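Okay, hi everyone, thanks for making time. I've got a single structure to walk through, so let me put it up on the screen.

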Amino acid sequence: MVTLSSPQLRLVDTPDGPLTYTLTRKRVKNLNLRIGGGGDISVSIPLRCAVKQADDLVREKSGWITEALSRQNARQAEPLPPVSREECARLLGGALDRVYPLVEPFHVAFPVLKLRSLKSQWGNCHWSRGYITLNTALARCPEELRDYVALHELVHFLHHDHGPGFYARMDALMPDWRQRRATLKRYSGALDRKGEK
């Protein structure tokens, strides 16, 4: 007979990166997944339920979980300091320089980089005209997030939409891009303010 047990901490590899959650067996009929105010993930399962089902649930809901955690983080994110126009150009140009070699073997020409203060996007690609635009607010984010956005826009030279081919290419060139995207959402408040001083 399966009995109630102490909560168990479990680590699961998911499409959105590794997630740790607390597993508890209870007298319940269904599996229940919750995210606490502090970002703690918990799953309660029926007494006779296999632990694998709880792991599978976390894996299946990983996208929803990371989005929910990002929303929590966004509410807690600290304001970022502004940067000068020159520093912005240096930081965003550096991101483009770092990730361009990933797409160069696919005969993507090095694009012209334009910098603009955008209200709702971190960047965009004008593949037919040979340039990308990066949001000046992105200069206020960590390097790995600048690199993610720059690569995202470069991959649009190969795949003009967000279809399966685009995501497959991102997976191949930057396997942790989903985690970077989730982290970037913490900085969404920077989109509403000027990124330069």
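I'll go from the overall layout to the aromatic residues, then the pocket, and then a few single residues.

First thing to say: this is a predicted model. What we have is a protein chain of 197 residues, and 43% of them are buried. The chain has 6 helices and 7 strands. If you follow along from the N terminus, the order goes β-β-β-β-α-α-α-β-β-β-α-α-α.

Okay, aromatics. How many aromatic pairs does the structure hold? The count is 4. Let me take Tyr148 and Trp177: the ring centres are 6.4 Å apart and the planes sit at 10 degrees, so that one counts as stacked. What I like here is that the pair links distant parts of the chain, with Tyr148 in helix α4, residues 143–155, and Trp177 in helix α6, residues 177–184. Along the sequence, those two are 29 residues apart. Both Tyr148 and Trp177 are buried.

Now stay on Trp177, please, since it has another partner. Tyr167 and Trp177 are also a stacked aromatic pair, with 5.6 Å from centre to centre and 15 degrees between the planes. Again distant parts of the chain are linked: Tyr167 is in helix α5, which covers residues 164–173, and Trp177 is in helix α6, 10 residues apart.

So is Trp177 buried or exposed? Its relative accessible area is 2%, and the cut-off for buried is under 20%, so Trp177 is buried. Tyr167, on the other hand, has 28% relative accessibility, which makes it partly exposed. And if you zoom out a bit, Tyr148, Phe166, Tyr167 and Trp177 form one aromatic cluster.

While we're on rings, there are also charged side chains sitting over ring faces. Lys114 lies over the face of Tyr131, 4.1 Å from the ring centre. Arg169 does the same kind of thing over Phe106, at 4.3 Å from the ring centre.

For anyone about to ask about cysteines: how many disulfides does the structure hold? The answer is 0. As for where a couple of the cysteines sit, Cys49 is buried at 7% relative accessible area, and Cys88 is buried too, with 0% relative accessibility.

Right, the pocket. The largest one has about 380 Å³ of space in it. There are 19 residues lining that pocket, and the closest to its centre are Gln121, Trp122, Gly123, His152 and Glu153. Where does the lining come from? Strand β6, residues 123–126, helix α4 and helix α6 each supply at least two residues. The largest share is from α4, with 4 residues. By class, the lining splits into 7 nonpolar, 9 polar and 3 charged residues.

Let me pick up Gln121 from that list. You'll find Gln121 in the loop between β5 and β6. With a relative accessible area of 37%, Gln121 is partly exposed. Its C-alpha is 9.3 Å from that of Ser188, and the two residues are 67 apart in sequence.

Back over to helix α6, where Arg180 lies. Here's one to guess: does Arg180 count as buried or exposed? Relative accessibility is 18% and buried means under 20%, so Arg180 counts as buried. The C-alpha atoms of Arg180 and Asp16 are separated by 9.8 Å, and those residues are 164 apart along the chain.

Next, strand β5, which is where Leu113 is. Leu113 comes out as partly exposed, at 26% relative accessibility. From Leu113 to Leu96 is 8.2 Å, C-alpha to C-alpha, with their positions 17 residues apart in sequence.

Last one, and this is a backbone point. As background, most residues other than glycine have a negative phi. Now look at His107: it isn't a glycine, but its phi is positive, about 65 degrees. Where is His107? It lies in the loop between α3, residues 85–103, and β5, residues 112–116. His107 is exposed, with a relative accessible area of 75%.

That's what I had, so go ahead with questions.

Conventions:
Residues are numbered from 1 along each chain as its sequence is written. This is a predicted model: local features need pLDDT of at least 70, side-chain atom pairs count only at pLDDT 80 or more; totals for chains, interfaces and linings use all residues. Side-chain values use heavy atoms; hydrogens and water are left out. Rings of Phe, Tyr and Trp (its six-membered ring) pair if their centres lie within 6.5 Å; planes under 30 degrees apart count as stacked, over 60 as edge-to-face and the rest as tilted. Buried means under 20% relative accessible area, exposed over 50%, partly exposed in between (1.4 Å probe, protein chains only). A charge sits over a ring if NZ of Lys or CZ of Arg is within 6 Å of the ring centre and within 35 degrees of the ring normal. A disulfide is a pair of cysteine sulfur atoms within 2.5 Å. On a 1 Å grid over the protein atoms alone, a cavity is a set of points where a 1.4 Å probe fits but cannot get out, and a pocket is an open set with protein on both sides within 12 Å along at least five of seven lines; lining residues have an atom within 4 Å of a point. Grid points are joined across faces, edges and corners, and a volume is the space filled by probe spheres set on the points. Ala, Val, Leu, Ile, Met, Phe, Trp, Tyr, Cys and Pro count as nonpolar, Asp, Glu, Lys and Arg as charged, and the others, Gly among them, as polar.
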